[in-house]
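Got your viewer open and a selection box ready? Load the model below and we'll walk through it stop by stop.

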Amino acid sequence: MASPAAYGSIFEAIGALPAHGVGTRSDLPLPFAALMASALAALVISFLAIGFLWREPRLDRSQGIVLPGALTAVLESRWVRRVAQALSIALTLWTLVALLAGPDSARNPVPHIVYVWLWVGLAFVSMVFGPVWRVINPLRLLHTGLLRLARVSPDLALLPYRAGWWPAAIGLALFTWVELVAADNTSIPFLRLLVLGFLLVSVLGAALFGRAWFDRADPFEAWSRLIGALSPLGRRTDGRWVLRTPLHGINELRGERGLVATVAVMLGSTAYDGFSANLAWATFVQTSTVSSSLLKTATLLAFFAAVALTLWLAAAVSMALSRRPMHESFHFVSDIAPSLVPIAGGYVVAHYWSLFVYQAPVGLALLSDPLGTGADLLGTAGIRPDDTLVQATLVATIQAVGIVLGHLLGVLAAHERAVSVLDRRSAVIGQVPLMLIMLFYTFAGLTILFAP
């Protein structure tokens, strides 16, 4: 068995974990040349989108490159799903052991599982494979298993569900507050309360509303579903698996109650995360006479509100320019909200790449010793992060490409949605406010990365 010293100095470096869940992003500011090139690319993309893109809807579920039969068989295999679900349940139980009986120290893997694997890792995996949390969500699996044991219909619900995405938006907002603002958010007593609260809400929601609760209200399923819309994997209208552009997945999302709020939380939280790493902001918080928690909470909420408000204003101006009734802006803002998902995805990649590739291996090493006894139960205690994945040039490139690519996909998605729901003249002129607001989001994200 490995002694505690065998874990190396890397665990000493994470001993005093600050308010970003685990660790902090310590990337160098984005080079000015990369900033200017990215900003210019965003401007050119937006200009071309308004003037030269298609005038009729082009994206539908009948498109895509059909996957080879062998790969399709893997994706549809019941055994593959069962193995993935078994691993999810095993990891959940293993994590609960560490949560209930592990040490209240930096050697406990739970903070890494919650803040790195579940939050960031789930987003990255969903971008590649689609909304995977729907398949491996242990609480959904528990709910389904209990209904089967009781021989009750899986559609059992005591009340009809009508809240849309609002519970998911609130849940995501609370989680990001916990990750980015709450004090002692890596302490095990705090995490026990957090997990217990989430379990109680989920069990009550599933008992009242059935599996509809997981479909719309579960914050992590919403996170995985929306980010997962960027996945190149999808199904055609005939049910066959295909490779497709991320635009096709975004185009399948439809405006629903609470979707604007959910997207605002997704985009606003990552923007605030980058902003909070700014030295001037940190100095202001530390020297202010106002409570730091109050300042951070108010600023986080302001970021959420800014995204929602600017999106609504863009929709209102679009309706005015298109000479359409102003009340239609409420429907239009919900229709175009999914086009912000690619921008949010670009923010996630830009802001969390270095955190994930450095801290995820640390979590795997810690997971081998859930009780903190110095054991190496999984044989992973010797795993260390790869420094080559966080080199300054690589990180700067990933950040710039992530934000600009997110902007490109967002512009194209907004264009497709505009020509789908508006007439030809309104679609052209009505896009101008949307392009401007997307440029604002992109420039703001680049500026945050450039600021020291």
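## First stop: two exposed loop residues

Select R151: this residue is exposed, with a relative accessible area of 80%. Exposed here means over 50% relative accessible area, buried under 20% and partly exposed in between, using a 1.4 Å probe and protein chains only. R151 sits in the loop between α7 (138-149) and α8 (166-180). Check its backbone while you're there: phi is near 55°, a positive value in a residue other than glycine.

Before going on, some housekeeping: this is a predicted model, where local features need pLDDT of at least 70 and side-chain atom pairs count only at pLDDT 80 or more, while totals for chains, interfaces and linings use all residues. Residues are numbered from 1 along each chain as its sequence is written, and side-chain values use heavy atoms, with hydrogens and water left out.

Now jump to D184, in the loop between α8 and α9 (188-209). D184 also has a positive phi, about 55°, although it is not a glycine. Is D184 buried or exposed? At 60% relative accessibility, it counts as exposed.

## Zoom out

Show the whole chain as a cartoon and you'll get 19 helices and three strands. These are DSSP runs numbered from the N terminus: H or I of at least four residues for helices, E of at least two for strands. Of the 452 residues, 49% count as buried. Switch on contacts (heavy atoms within 4.5 Å), and for pairs with a separation of 6 or more, 82% of the contacts come from residues 24 or more positions apart.

## Into the core

Next, pick W119, W223, L267, L311, L340 and Y441. These have the most contacts inside the largest nonpolar core, which has 79 residues. A nonpolar core is a set of buried Ala, Val, Leu, Ile, Met, Phe, Trp, Tyr and Cys residues joined through side-chain atoms within 4.5 Å. Helix α5 (residues 110-129) supplies the largest share of this core, 10 residues. Another core, of seven residues, lies apart from it and includes Y161, F209, W213 and A217.

Stay with L340 for a moment. Not counting residues up to four places away in sequence, L340 touches V263, L267, V307, L311, M438 and Y441.

From there, hop to V307 in helix α15 (residues 292-321). V307 is buried, at 7% relative accessible area. Leaving aside neighbours within four places in sequence, V307 contacts A264, L267, G268, L340 and Y441. Try a distance label from V307 to A264: the two are 43 residues apart in sequence and 5.3 Å apart in space, C-alpha to C-alpha.

## A buried serine

Select S334, in helix α16 (residues 328-336). S334 counts as buried, at 13% relative accessibility. Which residues does S334 touch, not counting those up to four places away in sequence? The answer is G255, E256, L259 and V260.

## Last stop: a helix pair

Colour helix α17 (residues 341-367) and helix α18 (residues 392-421), which pack at an angle of about 170° with their axes 7 Å apart. That makes α17 roughly antiparallel to α18, a label for angles over 145 degrees. The axes are lines fitted to C-alpha atoms over the stretch in contact, and angles run from 0 to 180 degrees between N-to-C directions. For the interface, show sticks on residues including P342, Y347 and W353 of α17 and V395, H407 and L409 of α18.

Technical notes: Parallel < 35°, antiparallel > 145°, perpendicular 65-115°, else oblique.
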